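Q: I would like to learn how to read a fold step by step. Could you take me through the strands, the cores and the pockets of this one?

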Amino acid sequence: MDRAAAVDRVEELVDTVASEEMPVPVREIWVYGDVALGLDPVERLDVYLTKDILMRGDDADRAGEFKREYGVKGVGKTVRASWADDHPEYLRANESGHVAPERCLAAHLLDDDEPIHLEVCNAGFEDNVTQRLEGARATETYENVLDPRGVCLWADGERSDDAFQKLRDGELVFPTLAGALEMLGADEEEAEVAADAVETRRERAEGATVRGDVV
């Protein structure tokens, strides 16, 4: 998508999260990668959501009701029952049949054919960037590295108009991905390997994709 359309789409996502009930509480919204770098066009729009874990007291006693009606376990424990009442078409489960908050968020926010990747985690973006890099270095699974070149657009109910304007104007300045990873502690060779692995993973992706993470 062209740059202006990509930023408009991000703004729409922020407005949706700010104005509508989500399956779980959302605390922060970041963008990273192409759109943060000022590229035009944006090949894929990378969005990061920091979510809060749902308190167990939500509507846990209704889990059986949703299991019988929709065949999905854990509604009222892992995602809000009130949200599921209003949006049963967005209920998504993992391979074990348990409701998956990240998949529910993606179903609510994204269309299947959009070139958008959604990262969902209970940890903030900056903390998760560090955790993912450390994990990738330890296991040499560099495709799991999270691009650290991001900008926070919405946090704790407050929208950053300044960040949005800088995003629109392409005023944000970042190093290369390899350079950013070196700044976080990777040596030069593994930073290059990781950057190549991330780019290869992104090139393989098609349509809307989502990844859930717990730190």
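A: Gladly! Keep in mind that this is a predicted model. Let us start with strand pairing: strands of a sheet pair through backbone hydrogen bonds, either parallel or antiparallel. Here, strand S1 (residues 26-32) and strand S4 (residues 150-155) are antiparallel partners, held by five bridges.

Q: Which residue of S4 is the bridge partner of Glu-28?

A: Glu-28 is bridged to Ala-155 in S4. Ala-155 also faces the other neighbour, standing opposite Glu-158 in S5. S4 and strand S5 (residues 158-159) run antiparallel and are joined by two bridges.

Q: What should I look for in the hairpin of S4 and S5?

A: Look at the turn. Two residues lie between the strands, and Asp-156 takes a positive phi near 50 degrees in this hairpin.

Q: In what order do the strands of the six-stranded sheet lie?

A: The order is S5-S4-S1-S2-S3-S6, in an open sheet with mixed pairing. S5 and S6 are the edge strands, each pairing on one side only.

Q: How many bridges link S3 and S6, and in which sense do they pair?

A: S3 and S6 pair in the parallel sense, over five bridges. For a landmark, find Leu-118, whose bridge partner in S6 is Val-210.

Q: Now to the interior. How do I read a nonpolar core?

A: The general idea is that in soluble globular proteins, nonpolar side chains tend to be buried together. In this model, the largest nonpolar core has 41 residues, and Val-47, Leu-49 and Val-75 touch the most other members. Helix H1 (residues 3-19) is the element that gives the most to this core, with six residues. There is also a second, separate core of 13 residues, with Ala-136, Leu-177, Ala-197 and Val-198 among them.

Q: What is Leu-49 in contact with, beyond its neighbours within four places in sequence?

A: Its contacts include Val-26, Glu-28 and Ile-29, as well as Leu-105 and Leu-109. Leu-49 also meets Leu-118, Glu-119, Val-120 and Cys-121.

Q: And pockets? Where do I begin with the largest pocket?

A: Begin with its volume, then ask who lines it. The largest pocket holds about 390 Å³ of space. Its lining has 24 residues, and those nearest the centre are Asp-46, Val-198, Glu-199, Arg-201 and Arg-202. You met Val-198 a moment ago as a member of the second core. Strand S3 (116-121), helix H9 (188-204) and strand S6 (209-213) each give at least two residues to this lining, and H9 gives the most, with five. By character, the lining residues are six nonpolar, five polar and 13 charged.

Q: How do the residues of the lining of the second largest pocket divide?

A: Seven are nonpolar, two polar and one charged. This second largest pocket has about 160 Å³ of space. Its lining includes Trp-30, Phe-125, Glu-126, Pro-148 and Met-183. Helix H6 (125-139) and helix H8 (177-183) are the elements that each give two or more residues, and H6 gives the most, with four.

Q: One last residue: is Gly-185 buried, partly exposed or exposed?

A: Gly-185 is partly exposed, because its relative accessible area is 40%, and partly exposed covers the range between 20% and 50%. Gly-185 sits in the loop between H8 and H9. Setting aside residues up to four places away in sequence, Gly-185 touches Arg-137 and Glu-190. The C-alpha atoms of Gly-185 and Trp-30 are 22 Å apart, with their positions 155 residues apart along the chain.

Technical notes
Residues are numbered from 1 along each chain as its sequence is written. This is a predicted model: local features need pLDDT of at least 70, side-chain atom pairs count only at pLDDT 80 or more; totals for chains, interfaces and linings use all residues. Side-chain values use heavy atoms; hydrogens and water are left out. Two strands pair if DSSP finds at least two bridges between them. On a 1 Å grid over the protein atoms alone, a cavity is a set of points where a 1.4 Å probe fits but cannot get out, and a pocket is an open set with protein on both sides within 12 Å along at least five of seven lines; lining residues have an atom within 4 Å of a point. Grid points are joined across faces, edges and corners, and a volume is the space filled by probe spheres set on the points. Ala, Val, Leu, Ile, Met, Phe, Trp, Tyr, Cys and Pro count as nonpolar, Asp, Glu, Lys and Arg as charged, and the others, Gly among them, as polar. Buried means under 20% relative accessible area, exposed over 50%, partly exposed in between (1.4 Å probe, protein chains only). Contact means heavy atoms within 4.5 Å. A nonpolar core is a set of buried Ala, Val, Leu, Ile, Met, Phe, Trp, Tyr and Cys residues joined through side-chain atoms within 4.5 Å.
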